[in-house]
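Q: Please take a close look at one part of this model, namely its salt bridges and the surroundings in which they sit. I would like a single connected account, with burial treated carefully.

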Amino acid sequence: MHWLLLVLLSIFALPDTAGAMDAIGKVRRERPADLDASTTVATRYGTLQASYETDFPELPLNSVHTWRLSLQDKNGLPVVGADIDLTADMPEHLHGMTTTPLIQESDTPGLYLVRGMNFHMPGYWEVTLDISGAGSRHLLRFNLIVGESQRAPEGRKADES
Amino acid sequence: MKAEPLGSSKAIGLLLTAFSFCVVLSNPSKGADADLFDWSARELALIQSLSLSQLLPPPSSPSNKYADDPEAAALGRAIFHDSRFSANGEVSCATCHRQDYGFTDDLPKGLGIGLASRRTMPIVGMAYQKWFFWDGRADSLWSQTLGPLENPVEHGIDRHQVQQLVLAHYSQPYQQVFEDDATNQPVDQVFANTGKALAAHVRTLLPEKTRFDLYAHALQSDSKETGILTEAETRGLRLFVGKAKCINCHNGPMFTNGEFHHSGTPDAGELDPGRGTAFLELEATEFGFFGKWSDADPEADGDHIRFLDRDTRKYVGTFKTPTLRGASDRPPYMHNGTFTSLAQVLNNYRAVSGSTLADEVSHGDLTDRDLNDLEAFLGTLSSNSNDVHN
Ligand SMILES: [Cu+2]
């Protein structure tokens with residue numbers, strides 16, 4: 001077996017969709033101080049770019065919601081017909097969501113709906129996309145911080161000027 | 001920001017010097033608790049996320065179109081307190097869900113017609129929950145209310161008796177709310193509607209503002225009246241949102257994520273599978289969210305049920321996170337009522353912390369003082385904690 005395939009297999013043998021108790025064999029990772037929580041990520045050479053949106057100004061805590069996930073190739077063209085495997089985990093806690101989301105391709109080319117997302121603890125989450133069908137197999141990862149943005153009280157927003 | 005290459009770094013240097021001078025001035029004693037009131041941005045955000053000021057109006061209840069109907073709630077309230085809805089005429093919902101005791105009772109396990117298998121759940125804030133009972137085997141509040149009525153050790157009656165009782169005592173208000181005579185309806189429909197009225201009442205039981213909420217508000221306001229909490233309570237709050245990791249599960253303004261976790265509670269040999277058997281019951285009930293008597297739109301509503309992870313292996317032995325609001329006023333604790341004080345609960349969390357059960361029983365290395373401080377903080381989550389301190 002090719003060594004790269006072995007590495008890939010070993011990565012994906014570890015996490016299942018995760019829930020209350022699936023810590024066996026995983027390694028706890030602390031949140032990096034300079035976590036990049038961008039809602040748009042790309043593979044190293046830009047061959048595939050993914051971004052997400054929700055109906056909320058911040059990712060909601062304890063609320064089952066839908067992600068609108070957009071995929072583009074390196075020319076900025078929508079990627080249709082992708083086969084997407086999504087997992088969400090808390091690296092510090094070694095568990096995932098209490099839901100198993102469903103990914104549906106929408107009528108808009110390159111736009112996929114992820115129904116059933118639910119973050120039930122505040123903190124550092126990782127959402128990993130394992131995407132095939134776009135020519136080859138790609139791994140993309142979103143870092144998220146859930147439930148830690150302070151809503152500033154009215155009239156006390158920081159002056160941007 | 002406008003670029004001002006010359007002199008800007010000097011200005012920043014001056015500012016920094018001035019700033020550090022201020023810090024030194026405002027923080028003269030570098031003792032152990034000198035930083036007690038210096039919250040990080042993350043801590044501040046988490047404190048606000050727990051505050052009652054962040055509690056939105058209750059979410060809609062799509063499976064119960066009477067959920068927010070005041071007349072349905074009035075009918076439900078009357079039935080909630082009516083002990084005729086029991087096998088011996090002495091047990092009402094209010095028997096175990098005592099208003100004078102945080103809507104639960106002071107017993108390890110509920111006592112109706114007989115002894116229940118688990119502790120009576122506190123029902124304040126149920127409008128915000130997705131799953132009901134300790135194991136979440138009901139997927140709506142109205143279907144939850146039907147369980148105890150037919151449970152032989154709780155009310156000990158059946159749906160036929162419920163229909164007869166509604167006809168005998170609530171015929172007029174029933175007709176008013178449900179726009180039909182209970183005599184004409186199938187027994188299951190009357191039973192479901194009774195649950196919907198009970199749920200409409202229970203949805204009105206909402207938390208009261210506590211000393212913690214006043215503190216959270218003070219942190220946001222200019223007053224910075226941080227003396228609202230004692231030093232021990234403040235340290236407890238810092239542990240709660242930080243090292244002790246309580247906030248992992250006890251999060252949001254109701255201090256619960258409404259999900260199911262291992263707590264490492266001793267069970268004295270009584271094996272209780274908890275959430276592990278709930279998935280079967282969710283599918284078996286005729287009063288489910290997607291069932292015949294639900295008002296939900298099966299296409300649009302209920303994604304939390306549709307996409308629920310039903311891996312029994314993961315959830316066996318887990319129980320729903322209860323709210324901590326009012327908890328200090330209403331011992332005993334846990335699904336089996338095994339602990340008579342919060343000190344015992346906290347001690348057990350420390351004892352099982354780091355065991356192989358799961359991440360959720362990891363609570364940092366807590367000292368005796370930490371446990372005392374956490375207990376002090378939990379006391380600030382009771383509404384009568386306002387009187388204690390003021
Ligand atoms: Cu977690």
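A: For what follows, a residue counts as buried when its relative accessible area is under 20%, as exposed when that value is over 50%, and as partly exposed in between. The model is a predicted one, and 34 salt bridges are found in it over all chains.

A pair in chain A makes a convenient start. Arg68(A) and Asp55(A) are joined through their side chains by a salt bridge, with an N to O distance of 2.8 Å. Because Arg68(A) belongs to strand 3 (residues 65–73) while Asp55(A) sits in the loop between strand 2 (48–53) and strand 3, this pair ties together parts of chain A that are 13 residues apart in sequence. With a relative accessible area of 25%, Arg68(A) falls in the partly exposed class, whereas Asp55(A), at 63%, is exposed. As for the chain around this pair, the secondary structure of chain A amounts to 1 helix and 9 strands, which follow one another along the sequence as α-β-β-β-β-β-β-β-β-β. Of the 161 residues in chain A, 42% are buried. When contacts in chain A between residues at least 6 apart in sequence are considered, 61% of them join residues at least 24 apart.

Chain B offers pairs in another setting. Asp105(B) and Arg119(B) form a salt bridge whose closest N and O atoms are 2.9 Å apart. Both Asp105(B) and Arg119(B) lie in the loop between helix 4 (93–96) and helix 5 (141–150) of chain B, so their pairing ties together parts that are 14 residues apart in sequence. Here Asp105(B) is buried, its relative accessible area being 3%, and Arg119(B) is buried as well, at 5%.

Another salt bridge in chain B links Arg211(B) with Glu233(B), again with 2.9 Å between the closest N and O atoms. This pair connects distant parts of the chain, since Arg211(B) is in helix 9 (residues 211–220) and Glu233(B) in helix 10 (residues 231–241) of chain B, 22 residues apart. Arg211(B) is buried, with a relative accessible area of 3%, and Glu233(B), at 8%, is buried too. Beyond such pairs, one network of salt bridges with shared partners takes in Arg118(B), Asp135(B), Arg137(B), Asp272(B) and Glu281(B).

The two helices that hold Arg211(B) and Glu233(B) also have a further neighbour: the buried residues of helix 2 of chain B pack against helix 9 and helix 10. Because 7 of the 10 residues of helix 2 (residues 41–50) are buried, this helix is largely enclosed by the rest of the structure. Its buried residues are Glu43(B), Ala45(B), Leu46(B), Ile47(B), Gln48(B), Ser49(B) and Leu50(B).

The network leads on to the domains of chain B, which is divided into domain 1 (70–202) and domain 2 (233–274 + 317–381). One of its links is the salt bridge in which the side chains of Asp272(B) and Arg118(B) meet at 2.7 Å, N to O. In total, 2 salt bridges are found across the interface of domain 1 and domain 2 of chain B.

How is the rest of that interface built? The centres of the two domains, taken over C-alpha atoms, are separated by 29 Å, and 24 residues of domain 1 of chain B are in contact with 21 residues of domain 2 of chain B. About 1,700 Å² is buried between domain 1 and domain 2 of chain B, with carbon and sulfur atoms giving 56% of that area. On the side of domain 1, the residues that lose the most area to domain 2 are Arg118(B), Arg119(B) and Trp134(B), which together account for 32% of what that side buries. Arg119(B) therefore appears twice in this account, as the buried partner described above and among these residues. Between the two domains of chain B there are 9 residue pairs in polar contact, counted with both residues at pLDDT 80 or more. Sorted by class, the side of domain 1 of chain B that touches domain 2 holds 12 nonpolar, 5 polar and 7 charged residues.

Note on methods: Residues numbered from 1 in each chain as written. Chains lettered and ligands numbered in written order. Predicted model: local features only at pLDDT ≥ 70, side-chain atom pairs only at ≥ 80, totals over all residues. Heavy atoms only, no water. Salt bridge = Lys/Arg side-chain N within 4 Å of Asp/Glu carboxyl O. Helix = DSSP H or I, 4+ residues; strand = E, 2+ residues; numbered from the N terminus. Buried < 20%, exposed > 50% of the residue type's maximum accessible area, 1.4 Å probe, protein only. Contact = heavy atoms within 4.5 Å. Domains from an automatic or database assignment. Buried area = accessible area lost by both parts, 1.4 Å probe. Polar contact = N/O pair within 3.5 Å; in protein donor to acceptor, adjacent residues only side chain to side chain. Nonpolar A, V, L, I, M, F, W, Y, C, P; charged D, E, K, R; others polar.
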